[in-house]
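User: I'd like a close look at a single part of this protein, with the reasoning spelled out for someone who works at the bench. Could you pick one region and walk me through it?

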Amino acid sequence: MAKYWNEEIETMDYESMKKLQSERLVRQVRHVYDNVPYYKNLMDERGVTPDDIKGIEDLHKLPFISKADLRDNYPDGLLAVPKSECVRIHATSGTTGKRAIAFYTAKDIDIWDDCVARAITAAGGTKEDVVHIAYGYGLFTGGLGLHGGSHKVGCLTLPVSSGNTERQIQFMQDLGSTILCCTPSYAAYIGETVAEMGLSPDDLTLKAGIFGAEPWTEEMRRSIEKSLGIKAYDIYGLTETSGPGVAFECECQTGMHINEDNFIAEIIDPDTGEVLPEGSKGELVFTSITKEAFPLLRYRTRDICILTREKCKCGRTLVKMTKPMGRSDDMLIIKGVNVFPSQIETVLLRDFGATPNYQIVVDRVGTTDTFEIKIELSDNMFDDTIRSIEALEKKLSADIVQILGIRAKISLVEPKSIPRSEGKAVRVIDKRKLV
Ligand code: ADP
Ligand code: ZN
């Protein structure tokens with residue numbers, strides 16, 4: 001079984017990679033300058049010309065591009081080739097505002113598929129596998145992204161899309177699905193449904209899962225792995241740079257390898273824009289060095305993570321990023337305290353030992369913030385004595401105070417009362433933003 005999809009690139013020494021990145025960057029900057037008037041203006045304003053960019057050491061001279069620039073140029077102001085050269089569009093999920101549109105040439109799709117093929121191979125996938133794709137198909141990049149990579153590897157691809165969960169499980173059994181691809185929250189829901197149908201992981205032929213498109217904790221990983229009897233791999237990406245497959249996890253599960261022959265990654269201080277040294281936590285910035293249609297230079301993802309070049313046991317030399325545990329704009333400020341939903345998830349999953357369904361509800365009464373965490377009880381807990389439920393409430397409350405420094409109202413609610421997610425989970429309802 002091949003260990004790598006593209007061994008030469010995935011195990012390339014850093015000096016050769018830098019050389020490759022530099023050549024591609026120089027070409028890409030010229031392409032963007034000549035074809036995207038908006039970015040040319042940004043460079044002109046900074047007094048930078050393509051001649052100033054001789055290699056990756058000059059990357060910092062280029063201006064950033066952000067979601068706001070994408071919005072201002074909606075729908076095709078940043079397109080760098082004639083529309084007739086494009087073969088597809090996708091759009092962001094719009095999690096944090098208006099959707100952004102990304103365009104692809106045939107070559108862009110081919111490179112994207114290649115990135116995903118690396119991810120599938122790293123998760124142990126070969127042409128013998130049956131890849132069950134339960135990411136949504138459509139404008140969202142999840143479905144067609146994994147689909148293209150799966151084709152490339154030669155797997156039997158099941159384009160099931162999301163929804164109709166019991167039928168999904170039936171298909172898995174009938175067709176012998178071996179690799180499941182979907183959002184982690186949907187994987188958790190599938191796991192829950194498997195149990196509800198009276199089945200166990202042994203009734204399925206799944207061996208691995210490739211889950212991404214939203215933040216998920218290690219605790220959630222373990223819980224999904226247990227409920228489906230698989231090894232769960234993380235995959236990362238965003239529409240603006242192509243889609244899933246910008247980075248992928250190997251069997252070591254210690255961060256995701258970035259496909260840096262296509263994307264140069266930097267970490268910056270989100271407040272000052274200063275480039276931070278390796279190992280620092282900050283905002284991830286990507287420069288697409290091979291994209292033709294929609295080549296973003298120094299795109300600010302707003303995802304917060306750390307990059308590391310520490311040697312990985314899998315043999316890949318590609319730089320690794322830690323799981324982004326929430327975007328800079330996912331952060332809630334409650335009663336003046338910074339709160340990331342992932343911190344709450346960590347506490348919940350630890351105290352419950354499994355994946356509870358939960359929702360964070362924030363509101364404001366007068367000038368005071370209210371902060372409630374609704375947690376669904378499982379059927380067997382629901383039958384527990386009031387005393388044991390009260391004890392659980394107390395423990396959760398204390399753990400939340402300990403980790404966040406503020407108190408939350410803990411509401412343990414009836415089984416099945418919190419809506420399930422088939423795509424990206426909605427964990428936070430911030431009513432303060434609705435007024
Ligand atoms: P939107 O920004 O509207 O959600 P996308 O569907 O393109 O649009 O989502 C990309 C974003 O999803 C990333 O910027 C990141 O915040 C999140 N994301 C994708 N994969 C992961 C992952 N494996 N872990 C955590 N967050 C992820
Ligand atoms: Zn590795």
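Analyst: What follows is a walk around the F263 and F286 ring pair and the parts of the chain that connect with it.

Keep in mind that this is a predicted model, so every value here is computed from it.

Let's start with the rings. The structure holds six aromatic pairs, and one of them is made by F263 and F286. Two numbers describe such a pair, namely how far apart the ring centres are and the angle between the planes. Here the centres are 6.2 Å apart and the planes make an angle of 70°. Edge-to-face is the label for planes over 60 degrees apart, so F263 and F286 get that label. The pair also ties together distant parts of the chain: F263 belongs to strand 10 (residues 263–268), F286 belongs to strand 11 (residues 281–288), and 23 residues separate them. Both rings belong to buried residues. Y236 joins in too, giving one aromatic cluster of Y236, F263 and F286.

Now for the empty space beside F263. A search of the whole structure turns up four cavities of 30 Å³ or more, and F263 is among the residues lining the largest. That cavity has a volume of about 60 Å³. Its lining also includes N262, T241, S242, T290 and K291, along with D108, I111, W112 and C115. Which element gives the most to this lining? Helix 5 (residues 106–122) does, with four residues. Sorted by class, the lining has four nonpolar, four polar and two charged residues.

K291 is worth a second look. Besides lining the largest cavity, K291 places its charged end over the ring of Y104, 4.4 Å from the ring centre.

Go back to F286 and follow its strand to a partner. Strand 11 pairs with strand 12 (residues 299–308) in the antiparallel sense, and five bridges hold the pairing. One named contact is V285, whose bridge partner in strand 12 is R300. R300 has another neighbour as well: R300 lies over the face of F64, at 5.6 Å from the ring centre. Strand 12 is mostly covered, with seven of its 10 residues buried. On strand 12 there is a further pairing, again antiparallel, with strand 13 (residues 320–321), through two bridges. There T308 stands opposite K320.

The loop between strand 11 and strand 12 holds an oddity, R298. R298 has a positive phi of about 45° although it is not a glycine. Is R298 buried or exposed? R298 is buried, because its relative accessible area is 1%, and the cut-off for buried is under 20%. Another non-glycine with a positive phi is Q253, at about 50°; Q253 lies in the loop between strand 8 (244–249) and strand 9 (256–258).

One last stop is the second largest cavity, with about 50 Å³ of space. Its lining includes F294, A100, I101, Y74 and P75. By class, seven of the lining residues are nonpolar, two are polar and one is charged. The peptide bond from Y74 to P75 is cis, with omega near -5°, and P75 sits in the loop between helix 4 (67–72) and strand 1 (86–91).

Technical notes
Residues are numbered from 1 along each chain as its sequence is written. Chains are lettered from A and ligands numbered from 1 in the order in which they are written. This is a predicted model: local features need pLDDT of at least 70, side-chain atom pairs count only at pLDDT 80 or more; totals for chains, interfaces and linings use all residues. Side-chain values use heavy atoms; hydrogens and water are left out. Rings of Phe, Tyr and Trp (its six-membered ring) pair if their centres lie within 6.5 Å; planes under 30 degrees apart count as stacked, over 60 as edge-to-face and the rest as tilted. Buried means under 20% relative accessible area, exposed over 50%, partly exposed in between (1.4 Å probe, protein chains only). A charge sits over a ring if NZ of Lys or CZ of Arg is within 6 Å of the ring centre and within 35 degrees of the ring normal. On a 1 Å grid over the protein atoms alone, a cavity is a set of points where a 1.4 Å probe fits but cannot get out, and a pocket is an open set with protein on both sides within 12 Å along at least five of seven lines; lining residues have an atom within 4 Å of a point. Grid points are joined across faces, edges and corners, and a volume is the space filled by probe spheres set on the points. Ala, Val, Leu, Ile, Met, Phe, Trp, Tyr, Cys and Pro count as nonpolar, Asp, Glu, Lys and Arg as charged, and the others, Gly among them, as polar. Two strands pair if DSSP finds at least two bridges between them.
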